[in-house]
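Biologist: I am new to this protein and would like to go through its model with you, one question at a time. Could you take me from the helices to the sheet and then to the loops?

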Amino acid sequence: MAEKSGSPAATAPEQQQQQSQFLSDFIAEIVKNPLNLALVGVIAILVYKIVKSRTRPEETIQEVKKLPKLRRDFTIEELTKYDGKGPDGRILVAVNGSVYDVTRGARFYGPGGPYEAFGGRDASRALARFEVVAATDKYDDLSDLNTTEMNSIKEWEEQFKERYDYVGKLLKPGEAPTNYSDEEDEGSQRETETKSESYDAEKKADCNEAAEKSKSD
Ligand code: HEM
């Protein structure tokens, strides 16, 4: 039987030829137009970035520094030294008159963290208003805050209590620091260890919850 003219079935060498013709036309088209060249460049960079980000080794988990436990009261001035930029990297945050060691949360409160502004500060007012701003380095008695704001601070404090080690009181100007006995210190250390262990297993509440609450109040 005679083959139909213009048969669609091309032979393998013909197909290869067509493909290479298409490819060379395609490249010629790109090279001709500088805009196309630029687009190809952008695509190449993006592909490179995606591939690189996928092949990058697992980000090294920031090692939590094992610092000796602190048990003492702080004035607001003393607190400012503990913003994570010191030699030991310790970070303290005061909430509602209590100071917490948040060094384990350095990714939040340490340099470059989203809540860096709270490191070495009394975060109470900012937490009450749900804004990330550095508190002043003067003592803030929070006396102008309303009940809702004070309740919000207390809720935040509960979260800090659950997650971090309590260090001591934030001293009012002129207030004498407490002399914590060794016995008390050991007791709080034990309590801290149990808390630290449960920290990772605990369902991490995020602050969206707090945001929702502050909106509805
Ligand atoms: C759109 C805005 C915000 C988003 C999406 C957001 C998101 C988050 C998330 C996901 C966490 C939990 C992280 C984790 O446990 O792994 C968190 C924690 C936190 N957020 Fe926010 N946040 C926002 C705004 C704020 C604001 C305005 C404040 C200031 C009051 C704030 C204060 C905090 C604090 C103190 C923590 C606890 C960190 C810790 O575990 O010590 N956030 N946020």
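Biologist: How many of the 21 residues of α1 are buried?

Modeller: This is a predicted model, in which local features need pLDDT of at least 70 and side-chain atom pairs count only at pLDDT 80 or more, while totals for chains, interfaces and linings use all residues. Residues are numbered from 1 along each chain as its sequence is written. A residue is called buried if 20 or more other C-beta atoms lie within 10 Å of its own, exposed if 12 or fewer do, and partly exposed in between, with C-beta atoms placed from the backbone. By that rule α1 is hardly covered, and its count of buried residues is zero.

Biologist: How far apart are the end C-alpha atoms of helix α1?

Modeller: Helices (H or I, at least four residues) and strands (E, at least two) are DSSP runs numbered from the N terminus, and the expected span of a helix is 1.5 Å times one less than its number of residues. For the 21 residues of α1, residues 12–32, the expected span is 30 Å, and this agrees with the distance between the end C-alpha atoms, which is 30 Å.

Biologist: In what order do the four strands stand in the open sheet?

Modeller: Two strands pair if DSSP finds at least two bridges between them. β1 and β3 run parallel and are joined by two bridges, whereas four bridges join β1 to β2, which run antiparallel, and four more join the antiparallel pair β2 and β4. The pairing is therefore mixed, and the order is β3-β1-β2-β4.

Biologist: Which strands stand at the edges of the sheet?

Modeller: An edge strand here has a single partner strand, so one side of it is left without a neighbour in the sheet. That holds for two strands, β3 (121–122) and β4 (165–169).

Biologist: Which residue in β2 is the bridge partner of valine 93?

Modeller: Valine 93 also stands opposite a residue in β3, namely arginine 121. Its bridge partner in β2 is tyrosine 100.

Biologist: Which residues of α6 are buried?

Modeller: α6 lies across β1, β2 and β4, running at about 145 degrees to β1 (axes are lines fitted to C-alpha atoms, for helices over the stretch in contact, meaning C-beta atoms placed from the backbone lie within 7 Å, and angles run from 0 to 180 degrees between N-to-C directions). The face of α6 turned away from its buried side carries the exposed residues Thr147, Thr148 and Glu162. The buried residues are Ser152, Ile153, Trp156 and Phe160.

Biologist: Within what arc do the buried residues of α6 fall, seen down its axis?

Modeller: The arc is that of the directions from the helix axis to the C-beta atoms. The buried residues of α6 line one face of the helix, because they fall within an arc of 100 degrees.

Biologist: What is the phi of asparagine 96?

Modeller: Most residues other than glycine have a negative phi. Asparagine 96 lies in the loop between β1 (92–95) and β2 (98–101), and is buried, with 20 other C-beta atoms within 10 Å. Its phi is positive, near 55 degrees.

Biologist: Is phenylalanine 130 buried, exposed or partly exposed?

Modeller: Phenylalanine 130 lies in the loop between α5 (124–128) and α6 (147–163), and it has a positive phi of about 50 degrees although it is not a glycine. With 15 C-beta neighbours inside 10 Å, phenylalanine 130 counts as partly exposed.

Conventions
Two residues are in contact if their C-beta atoms, placed from the backbone, lie within 7 Å.
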